[in-house]
Amino acid sequence: MSGLEVGGLRAGYGAVRVLHGVDLVAGEREVVVVLGPNGAGKTTLLRALSGLVAARGVVRVGGAPVLGLAPEEIARRGLGHVTEERGVFGPLTVEENLRVGAFARAWPRRGIDDDLARVFTYFPVLQAHLRQPAGTLSGGEQGMLAIGRALMGRPRVLLLDEPSRGLSPGLTDRLFQTLGVIAGREGATVVVAEQNARAAALVADRVHTLDGGRLAA
Ligand SMILES: Nc1ncnc2c1ncn2[C@@H]1O[C@H](COP(=O)(O)OP(=O)(O)OP(=O)(O)O)[C@@H](O)[C@H]1O
Ligand SMILES: [Mg+2]
């Protein structure tokens, strides 16, 4: 069964049409990259999938239709979204931010410590800064925390909006390698919106280009 199926997805803002019929199928353990320049609609696509922008068409997560549901309900059905802004809670510690992420899942109280331990294997730096307010982390560390927090929701499908933003080329490469490991170990579908074609090519099973509001292979 596919992790994510998208068919004929249309979305925009008022009279401004941005997506004109996006089709995408991505399986479990796959990393799919959506490339496109500024303004192509990458963020709009991810926001439409997670219910933050009104859209028409079909979106299935693990086979179940989710389009039209409230964002928090879509999250509970297994869609994790790391936004462009990261959105970590600055005054809360790293550990508190990660624990908040567990509320997105079906059984919020079970297995949290095991999941924390797994997140630390992906991002050891988070364990080293466990009691630090998230707002005092470096930009790159905040990006890792945002991904870690999304993983605490045990997503079937993980959406990442330009995770390379603000990272050095070396750190970007390492992050993409980690995303490949995450897709394999978590059995998740990872969809990354990026401008950085070079880094994306490192781990992507497939690369699509968002052009004129549609996806091309
Ligand atoms: N709230 C909004 N109201 C009106 N237009 C919007 C809104 N948000 C985005 N747009 C427009 O939609 C288009 C797509 O924007 P989007 O943010 O999806 O692009 P992007 O591919 O993520 O770009 P970037 O690489 O700069 O993040 C742009 O032309 C943008 O100006
Ligand atoms: Mg964007």
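**Exercise 1. The second largest pocket**

Work out how much space lies in the second largest pocket of this predicted model, and which residues and helices line it.

*Solution.* Start with the volume: the second largest pocket holds about 260 Å³ of space. Next, look at who sits around it. The lining has 17 residues, and F123, G140, M144, L171 and L175 are the closest to the pocket's centre. Then go up a level to the elements: α5 (124-128), α6 and α7 (169-186) each bring at least two residues to this lining. Finally, sort the lining by class, and you get nine nonpolar, five polar and three charged residues.

**Exercise 2. The largest pocket**

Now do the same for the largest pocket: find its volume, its lining and the elements behind that lining.

*Solution.* First, the volume comes to about 570 Å³. There are 24 lining residues, and those closest to the centre are A75, G80, H81, A104 and R149. Which elements supply at least two residues each? Go along the chain and you'll meet α2 (71-76), then β6 (79-82), then α3 (94-101), and then α6 (139-151). To wrap up, split the lining by class: 13 residues are nonpolar, eight are polar and three are charged.

**Exercise 3. A closed-off space**

Count the cavities of 30 Å³ or more, then describe the largest one.

*Solution.* The idea behind the search is simple: rolling a probe the size of a water molecule over the atoms shows where empty space is left. In this model, the count comes to one cavity of 30 Å³ or more. The largest cavity has about 40 Å³ of space. Its lining is made up of V82, R86, G143, I147, L160, D161, P163 and L175. Two elements, α6 and β7 (157-161), give two or more residues to that lining. By class, five of the lining residues are nonpolar, one is polar and two are charged.

Here's a link to spot: L175 lines the largest cavity, and L175 also turned up among the residues closest to the centre of the second largest pocket.

**Exercise 4. Around ligand 1**

Describe the surroundings of ligand 1, then list three polar contacts and say how much of the ligand the protein covers.

*Solution.* Begin with the shell. It has 14 residues, with N38, K42, T43, T44 and E84 coming nearest. Helix α1 (residues 42-49) gives the largest share, three residues. Sorted by class, the shell has four nonpolar, six polar and four charged residues.

Now for the contacts, using oxygen atoms of the ligand:

- T43: an N or O atom of the side chain is 2.7 Å from an oxygen atom of ligand 1.
- G39: here a polar backbone atom is 2.9 Å from a ligand oxygen atom.
- Q195: an N or O atom in the side chain is 3.2 Å from an oxygen atom of ligand 1.

Last step, the cover: on its own, ligand 1 has 640 Å² of accessible area, and the protein covers 60% of it.

**Exercise 5. The whole chain**

Decide whether the chain's radius of gyration agrees or disagrees with that of a compact globule.

*Solution.* Get your bearings first: the chain has eight helices and ten strands, and its C-alpha trace spans about 45 × 35 × 30 Å along the principal axes. For 217 residues, a compact globule would have a radius of gyration near 17 Å. The chain has 16 Å, so the two agree.

Conventions
Residues are numbered from 1 along each chain as its sequence is written. Chains are lettered from A and ligands numbered from 1 in the order in which they are written. This is a predicted model: local features need pLDDT of at least 70, side-chain atom pairs count only at pLDDT 80 or more; totals for chains, interfaces and linings use all residues. Side-chain values use heavy atoms; hydrogens and water are left out. On a 1 Å grid over the protein atoms alone, a cavity is a set of points where a 1.4 Å probe fits but cannot get out, and a pocket is an open set with protein on both sides within 12 Å along at least five of seven lines; lining residues have an atom within 4 Å of a point. Grid points are joined across faces, edges and corners, and a volume is the space filled by probe spheres set on the points. Helices (H or I, at least four residues) and strands (E, at least two) are DSSP runs, numbered from the N terminus. Ala, Val, Leu, Ile, Met, Phe, Trp, Tyr, Cys and Pro count as nonpolar, Asp, Glu, Lys and Arg as charged, and the others, Gly among them, as polar. A residue is near a molecule or strand if one of its heavy atoms lies within 4 Å of it. A polar contact is a pair of N or O atoms within 3.5 Å; within protein, one must be able to donate a hydrogen and the other to accept it, and residues adjacent in sequence count only if both atoms are side-chain atoms. Accessible areas come from the Shrake-Rupley method with a 1.4 Å probe; for residues, only the protein chains shown count as cover. The radius of gyration is taken over C-alpha atoms; the globule rule is 2.2 Å times the number of residues to the power 0.38.
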